[in-house]
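Thanks, everyone, for making the time this morning. I would like to walk through how the protein surrounds its ligand, so please have a look at what is on the screen before I go on.

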Amino acid sequence: MDLGIKDRVAVVAASSRGLGQAVARGLAKEGAKLALCARASAPMDAAAEEIRRETGAEVMTRALDVTDYDAVRGFVAAVVERFGRLDICVANAGGPPAKSFAETTMEDWRAAADLNLMSTVYFAKEALPVMQRQQWGRFIAITSVAVKQPVEGLILSNAVRSAVSGLIKTLANEYGRYGVLVNNVCPGYTATARLVELSHRLAEKEGVDAAEIEARWARQTALGRVGRPEEFADLVVFLASERATYITGASIAVDGGLVKGLY
Ligand SMILES: NC(=O)c1ccc[n+]([C@@H]2O[C@H](COP(=O)([O-])OP(=O)(O)OC[C@H]3O[C@@H](n4cnc5c(N)ncnc54)[C@H](OP(=O)(O)O)[C@@H]3O)[C@@H](O)[C@H]2O)c1
């Protein structure tokens, strides 16, 4: 299927590794031009170089923290200046730490809101007016299955991600008339560095092996395994494309059947 996004310009936030990097690679394979960001420049530049080599895509990079609004604003402006447009924006970040409610501090709550809610607001604030002017755009937030079914031990994520779902649904209503589609893609357990980190933290807490934690996660899914980043990226790339023209305001899980509810 031709996804129709050759030469479309895509910002993918938090994309030096993991889900963001897989999404960036998937978009580049479809011919999109990329703008990547993450805090550390060396791994991001290495990821960008790998994507250029594999796909021939034009890739710009910028080292920034997505919790810094001025940095996000400057980045989006630089993308529009360089490429003349911005068609696709994938809002992403790291995840908050695994803690029980009793372990959390007020600073943890503020940091989680900054990392996962406010960073999405910052990208939306800067990208959506550009897409509105163009009368075409795709804004996609990466959240978590936590918006459908709370994940054990991740109270910060469980609480803050749902605010992003509310944001996305509302933005879809406000921007639909301008040809801008806004969606939320919710990963289940997917094999990235974040998942390895979480399994080690939980394993330490419970005094078991990290492999036992990962096996437990796999057993919770219908497919009996954790996902691969490319499996997640395939849906994001589709939603970013010309083939996805009547899906907006949706929160779609890519979770191997982890969520047990009907919707
Ligand atoms: N993997 C899963 O199973 C899973 C499941 C549910 C939800 N999620 C969520 O999906 C998102 C992506 O997860 P992942 O597994 O791809 O994580 P990951 O492997 O840890 O990668 C995170 C990426 O984000 C960048 N990043 C982190 N904090 C940032 C910040 N403040 N500003 C800019 N860039 C930042 C990191 O680079 P730098 O460190 O250099 O900044 C890295 O490129 C996270 O919010 C995660 O919680 C993941």
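When I speak of a polar contact with the ligand, I mean a pair of N or O atoms within 3.5 Å. Please keep in mind that this is a predicted model.

With that cut-off, an N or O atom in the side chain of Arg194 is 3.0 Å from an oxygen atom of the ligand. Arg161 places a polar side-chain atom 2.7 Å from an oxygen atom of the ligand, while for Asp65 the partner is a nitrogen atom of the ligand, 2.9 Å from a polar side-chain atom. Taken alone, the ligand exposes 890 Å², and the protein buries 92% of that.

As for where the ligand sits, it is in the largest pocket. Helix 1 (18-29), helix 4 (106-134) and helix 6 (193-206) are the elements that each give two or more residues to the shell, and helix 6 supplies the largest share, 3 residues.

There are 30 residues around the ligand, and those that come nearest are Ser16, Arg17, Leu19, Arg161 and Thr192. By character, the shell divides into 13 nonpolar, 12 polar and 5 charged residues. Finally, both domain 1 (9-188 + 228-248) and domain 2 (191-226) contribute, with at least three shell residues from each.

Definitions and conventions:
Residues are numbered from 1 along each chain as its sequence is written. This is a predicted model: local features need pLDDT of at least 70, side-chain atom pairs count only at pLDDT 80 or more; totals for chains, interfaces and linings use all residues. Side-chain values use heavy atoms; hydrogens and water are left out. A residue is near a molecule or strand if one of its heavy atoms lies within 4 Å of it. A polar contact is a pair of N or O atoms within 3.5 Å; within protein, one must be able to donate a hydrogen and the other to accept it, and residues adjacent in sequence count only if both atoms are side-chain atoms. Accessible areas come from the Shrake-Rupley method with a 1.4 Å probe; for residues, only the protein chains shown count as cover. On a 1 Å grid over the protein atoms alone, a cavity is a set of points where a 1.4 Å probe fits but cannot get out, and a pocket is an open set with protein on both sides within 12 Å along at least five of seven lines; lining residues have an atom within 4 Å of a point. A molecule sits in a cavity or pocket if more than half of its atoms lie within 2 Å of its grid points. Helices (H or I, at least four residues) and strands (E, at least two) are DSSP runs, numbered from the N terminus. Ala, Val, Leu, Ile, Met, Phe, Trp, Tyr, Cys and Pro count as nonpolar, Asp, Glu, Lys and Arg as charged, and the others, Gly among them, as polar. Domain bounds come from an automatic or database domain assignment.
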